[in-house]
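Let's take a friendly walk through a protein, beginning with the whole chain and ending with a single helix. Keep the picture open as you read.

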Amino acid sequence: MIVPFRFRSPRWGLIGVIENALANSRFLSHIRRAFTSRLPFMVLASDVRDVVYANWVVPVSTVKFLVPPGVEIMEKDGNTVLTVLTYEHGHFGPAIAGVFRRLFPSPLQSNWRLYVRSIDGKDTDVPTALFVANVFNSDLYAVGTRVFSDVMLSHRAERFEHRQEDCTWSIRIGGKGSAPSLTIKATASYAADFPAAFGSFFNHYDDAIEMLCLQDAAIAPVIGTGAIAKADIALPIDTQTVMPLDVVAYLPGNFLEKLGAVSSPFCFRVPAVKFEALSEQIISLWGEK
C-alpha cells in the first residue's frame, strides 16, 4: 500500500536532515518496540482546550488509498466522513508527572481522521478513528511522537495558527514539509444543524456531535509493514458544551482537494477536555509490504 505518511521536515540544512532521519528511522522504531513491549505503557495526559472540528462528506474512492487492508471505514452510498480537529494542548506529557506536568509544553496539534467500522471483518468494540495524519507546530512533539509511537503519523507544520478573536476562530496550517495544509475561519453560530450531505449518516445534530466527538480508540498503519497500531484513549467530551460554528472562509490544501474535501466543512467547537493516551499496541499483521 502506497501511503503519503513519510515525514519531511520543513527545515533546511542539518536540522532538517537530522529530523528526517529520526522521524523515518525503522531501526529506532524496532529498538523502541523491543523495549516498550516489555514495559508498562506510560500514560500521557493533556488539558486540551479550544478544539475546532471540521468535517466533510467525501467519496470513499478518494480516501481508499489511505485505508489499510482489513480495515473497513464508515460508508453510506459510496461516501464517508473525514474530520480534521485542531486544538491547543495543555501541558502534554506523562500523567505520572502529576503537578509537574505543568512544566511540559502546550503545542498546537491537528488530527486528520476517518471512522472505522470493522477490522478483520469484526465490528470495532469501541468507537475507533483511523488516523491519516497528525500535525504539530513543535519539532519536539512531531519528531518525538514519530520515534516513540506507532499510531501517531506526525508531521511538523512550517506555519500553524490556531487562535480566537472575540467569537471568531482562525486555523491556518501549511508551508514547506510533509504536513497537509488548510485554512479555515469560522464564527460562533446559534444554528445547531449540519449540511444536507450529512443526512445519510446522522438523523439529528446531537447524533452527529456524539459520533464525531466520542472516539475511544485510534488506529494507524505501521509504515513499512502490514501491521496496524491501536491506541486506547480517554476523551470524555461533554457534548452539551459544543458550540456550532459558521464557516466564513475555507481554503483546502492539495491533500484535502485530493480527498474531495472541497466544499466548506461542517464545523463546531469544544471548549475543553481532559485527554489521556492509555495504551498502544500492534493488533494486526498481514505481512511485510
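## The protein as a whole

In this predicted model, 50% of the 289 residues count as buried. That label is given to a residue with under 20% relative accessible area. The secondary structure comes to 6 helices and 14 strands.

How does the radius of gyration fit a compact globule? A compact globule of 289 residues would have a value near 19 Å, and the protein has 18 Å, so the two agree. Along the principal axes, the C-alpha atoms fill a box of roughly 50 × 45 × 35 Å. Among contacts with a separation of 6 or more, 70% join residues 24 or more positions apart.

## Surface and charge

What does the protein expose? About 13,800 Å² is exposed, and carbon and sulfur atoms supply 57% of that area.

Turning to charge, there are 27 positive and 28 negative side chains. The centres of these two sets lie 9 Å apart.

## A closer look at helix α4

Now find helix α4, which covers residues 139-148. Why can we call α4 largely enclosed by the rest of the structure? Because 7 of its 10 residues are buried. They are D139, Y141, A142, V143, T145, R146 and V147.

What do these buried residues pack against? Their partners are two helices, α1 (13-23) and α2 (26-36), along with the strands β6 (122-136) and β7 (154-156).

Finally, look at the start of α4: there, a side-chain oxygen of S138 comes to within 3.2 Å of the backbone nitrogen of L140.

Terms used
Residues are numbered from 1 along each chain as its sequence is written. This is a predicted model: local features need pLDDT of at least 70, side-chain atom pairs count only at pLDDT 80 or more; totals for chains, interfaces and linings use all residues. Side-chain values use heavy atoms; hydrogens and water are left out. Helices (H or I, at least four residues) and strands (E, at least two) are DSSP runs, numbered from the N terminus. The radius of gyration is taken over C-alpha atoms; the globule rule is 2.2 Å times the number of residues to the power 0.38. Buried means under 20% relative accessible area, exposed over 50%, partly exposed in between (1.4 Å probe, protein chains only). Contact means heavy atoms within 4.5 Å. Accessible areas come from the Shrake-Rupley method with a 1.4 Å probe; for residues, only the protein chains shown count as cover. Lys and Arg count as positive and Asp and Glu as negative; His and the chain ends are not counted. The place of a charge is taken as NZ of Lys, CZ of Arg, CG of Asp or CD of Glu. A polar contact is a pair of N or O atoms within 3.5 Å; within protein, one must be able to donate a hydrogen and the other to accept it, and residues adjacent in sequence count only if both atoms are side-chain atoms.
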